[in-house]
Structure formats: C-alpha cells, structure tokens
Amino acid sequence: MVKLKSLWMVAAVLFMVSCTMSAKSGEGKAAGTESKGEVVHLDKAGFLQKIFDYEKNSTKWEYAGDKPCIVDFYADWCGPCKQVAPILAELAAKYKDDIVIYKVNVDQEQELAAVFGVRSIPTLLFIPKEGQPQVSMGALPREEFVKQIDSFLLKKK
C-alpha cells in the first residue's frame, strides 16, 4: 500500500511538471550504446539504473545519468511516434557527446508508463543533468527538439 502510494506521488509530481511543457523519440539499438550517438531502448531495469530508481526513492527526483537525456515513451503502432523516430535518431548522432536519447515502449513497459502518468504518446521527458524534468506530449518538429535540447538540457544561450 505504501509503495503504491509512493508511486502515485511520483506520478503526481511528474504530472505537475508536465503542465510546464509539450514532445517524442526514434529508432535505436540496445542499451550500452549511449556514447555512439544512437537512440537506446530501455526496459524497467535499464530505466531504474540509468534514469531514476523510483522503487528506492519515490519521494524525490534524483537523475542517475551523467549526461542530460530525453526519454521517449512510444509504441510501435503510433503514427506520430513513427514521424518523430528519425528526428530523434538524427539528434542522437548530432548531440552524441552532450545528451543521450532513450526510448521506452509503453506496450512492453506498462508499469513505467503508469508510474510517469503517460496517457498519450508520444510523451517525452526532457531530463537535465540537474533539476526537474519537463514533460512534453505529442510529436514535435525538429526545430522544437533542437530548441529544447539547446536551451533546457544544455543551457545554451
């Protein structure tokens, strides 16, 4: 009961953060390719290790990564997700030294989708190295991704 309550608390916090923004990800390879500029697919175990272990710490956001990242919650059957996939693959290569782009399949990782309150796809988490993530829902054009990466994730002027 306490664990479920904690999960809802994290979901509520992320939902409130989501009210501050709106976004999605591309095709990639297996975990461990972060330094190669490819989109990395995550399962629950990978998410807990590389992004946020909500099972151990459900009350305070603590990003586990060493670079800012984008997490794309997607589904294979989703049209807008398919539109954004090549954009994110391109951006993963372009920003390979600065950020990591991850994908989470909501059909395969329903618990992750539920914990983060994913109700529509694509849903993207823009996660800076320090600070709170921002959530964006829906397909974004390439220019908007670049703007969010440069201004929010990399803090470029």
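Helices and strands here are DSSP runs, with at least four residues for a helix and at least two for a strand, numbered from the N terminus. By that count, the chain has five helices and six strands. Keep in mind that this is a predicted model.

Start at the N terminus and walk along. The elements come in the order α-β-β-α-β-α-β-α-β-β-α. The chain has 157 residues, and 50% of them count as buried. Its accessible surface comes to about 8000 Å². Carbon and sulfur atoms hold 55% of that area.

Now go inside. In soluble globular proteins, nonpolar side chains tend to be buried together. The largest nonpolar core in this model has 29 residues. Those with the most contacts inside this core are F47, I51, V71, F73 and F116. Several elements give two or more residues to the core: helix 2 (44-50), strand 3 (69-74), strand 4 (100-105), helix 4 (110-115) and strand 5 (123-127). Strand 3 gives the largest share, four residues.

Take F47 as a guide. Which residues does F47 contact, leaving aside its neighbours within four places in sequence? They are L42, F52, Y54, V71, F73, V104, L112 and F116. Another core lies apart from the one around F47. That other core has 18 residues, including V39, I87, V146 and L153.

Next, look at the rings. The structure holds five aromatic pairs. One of them joins F126 and F145. Their ring centres are 6.2 Å apart, and the planes meet at 35°. That angle makes the pair tilted, because stacked pairs are under 30 degrees and edge-to-face pairs over 60. F126 sits in strand 5 and F145 in helix 5 (residues 142-153), so the pair links distant parts of the chain, 19 residues apart. Are these two residues buried or exposed? F126 is buried, with a relative accessible area of 0%. F145 is also buried, at 0%. Elsewhere, ring pairs link F47, Y54, F73 and F116 into a cluster.

Charges meet rings too. K103 lies over the face of Y74, 3.8 Å from the ring centre. The charged end of K155 sits over the ring of F152, at 4.7 Å from its centre.

Finally, consider the cysteines. How many disulfides does the model have? The count is zero, under a rule that asks for two cysteine sulfur atoms within 2.5 Å. C69 is buried, with a relative accessible area of 0%. C81 is buried as well, at 3%. Both values fall under the 20% cut-off for buried residues.

Key:
Residues numbered from 1 in each chain as written. Predicted model: local features only at pLDDT ≥ 70, side-chain atom pairs only at ≥ 80, totals over all residues. Heavy atoms only, no water. Buried < 20%, exposed > 50% of the residue type's maximum accessible area, 1.4 Å probe, protein only. Areas by Shrake-Rupley, 256 points an atom, 1.4 Å probe, with all protein chains shown as cover. Core = buried A, V, L, I, M, F, W, Y, C linked by side-chain atoms within 4.5 Å. Contact = heavy atoms within 4.5 Å. Phe/Tyr/Trp six-rings, centres within 6.5 Å; stacked < 30°, edge-to-face > 60°. Lys NZ or Arg CZ within 6 Å of the ring centre and 35° of its normal.
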